[in-house]
Amino acid sequence: MKEIIKTILASIIIMLLPVTTFAGIRVPNDKHYKEQEAYFSQIRLQEAWVETTGSSDVVIAIIDSGVDMDHPDILRNMWFNKGEKALNGIDDDNNGYIDDLNG
């Protein structure tokens, strides 16, 4: 009887333990990555990369005073508003913004 109770208790303990599995942490080819790695760890960025790298379902908003839209990592992943016609001065998609091509 003691062995059965030990087995049941061991099973319960195993079920209660949190399971966290991460594939290999990806390190980007950004030469400034190491300078920011401590901050990235605080916001658990590496874990997010494991979950989202390669997914086209992820939308990221960049709130900044400028974006290098010609950067290869940004250019190939930039969202374009297909409902707008470029620089015609009209709100083609009727969302209240004129010529909002990106963002």
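# Helix packing and the segment after α4

In α2, Tyr-33, Glu-37, Phe-40 and Ser-41 meet Leu-45, Gln-46 and Trp-49 of α3, where contact means heavy atoms within 4.5 Å. The model is predicted, so local features need pLDDT of at least 70 and side-chain atom pairs pLDDT 80 or more, while totals for chains, interfaces and linings use all residues. Residues are numbered from 1 along each chain as its sequence is written, and side-chain values use heavy atoms, with hydrogens and water left out.

**Exercise 1. Describe how α2 and α3 pack, and classify the residues of their contact.**

Step 1. Place the helices, which are DSSP runs (H or I, at least four residues; strands are E, at least two) numbered from the N terminus. Helix α2 covers residues 33–42 and helix α3 covers residues 45–52.

Step 2. Take the geometry. The axes are lines fitted to C-alpha atoms over the stretch in contact, with angles from 0 to 180 degrees between N-to-C directions. The two axes lie 8 Å apart and make an angle of about 90°. Helix α2 is therefore roughly perpendicular to α3 (65 to 115 degrees; under 35 is roughly parallel, over 145 roughly antiparallel, the rest oblique).

Step 3. Sort the contact by class. It holds four nonpolar, two polar and one charged residues (nonpolar: Ala, Val, Leu, Ile, Met, Phe, Trp, Tyr, Cys and Pro; charged: Asp, Glu, Lys and Arg; polar: the others, Gly among them).

Step 4. Check the loop between the two helices, where Arg-44 is found. Arg-44 has a positive phi of about 60° although it is not a glycine. Most residues other than glycine have a negative phi. Arg-44 counts as exposed, because its relative accessibility is 51% (exposed is over 50% relative accessible area, buried under 20%, partly exposed in between, with a 1.4 Å probe and protein chains only).

**Exercise 2. How many aromatic pairs are there, and which residues form one aromatic cluster?**

Step 1. Apply the pairing rule: rings of Phe, Tyr and Trp (its six-membered ring) pair if their centres lie within 6.5 Å; planes under 30 degrees apart are stacked, over 60 edge-to-face, the rest tilted. The count comes to two aromatic pairs.

Step 2. Take the pair of Tyr-33 and Phe-40. Their ring centres are 5.6 Å apart with 35° between the planes, a tilted arrangement.

Step 3. Take the pair of Tyr-39 and Phe-40. Its centres are 6.3 Å apart and its planes stand at 50°, so this pair is tilted.

Step 4. Join the pairs. Tyr-33, Tyr-39 and Phe-40 form one aromatic cluster.

Step 5. Add accessibility. Tyr-33 is buried at 2% relative accessible area and Phe-40 is buried at 13%, whereas Tyr-39 is partly exposed at 48%.

**Exercise 3. Is Glu-84 buried or exposed, and what does its side chain reach?**

Step 1. Locate the residue: Glu-84 sits in the segment after α4. Its relative accessibility is 7%, so Glu-84 counts as buried.

Step 2. List its partners beyond four places in sequence. Among them are Ile-90, Asp-91, Asp-93, Tyr-97 and Leu-101. The C-alpha atoms of Glu-84 and Tyr-97 are separated by 9.6 Å, and the two residues are 13 apart along the chain.

Step 3. Find the side-chain reach. The Glu-84 side chain comes to 3.4 Å from the backbone nitrogen of Asp-92, and to 3.4 Å from the backbone nitrogen of Asp-99.

Step 4. Look at that last partner. Asp-99 is also in the segment after α4, and its phi is near 55°, a positive value in a residue other than glycine.

**Exercise 4. Set out the surroundings of Phe-80 and Asn-81.**

Step 1. Phe-80 lies in the segment after α4 and is partly exposed at 44% relative accessibility. Leaving aside neighbours within four places, Phe-80 is in contact with Leu-101 and Asn-102. The C-alpha atoms of Phe-80 and Asn-102 are 5.1 Å apart, with their positions 22 residues apart along the chain.

Step 2. Asn-81 is placed in the segment after α4 (72–75). Asn-81 counts as buried, because its relative accessibility is 10%.

Step 3. Beyond four places in sequence, Asn-81 is in contact with Asp-93, Asn-95, Asp-100 and Leu-101. The side chains of Asn-81 and Asp-93 are joined by a polar contact of 2.7 Å (N or O atoms within 3.5 Å, one able to donate a hydrogen and the other to accept it within protein; residues adjacent in sequence count only if both atoms are side-chain atoms).

**Exercise 5. Which pattern does the chain follow, and how many residues does it have?**

Step 1. The chain has four helices and zero strands, in the pattern α-α-α-α.

Step 2. Of its 103 residues, 9% count as buried.
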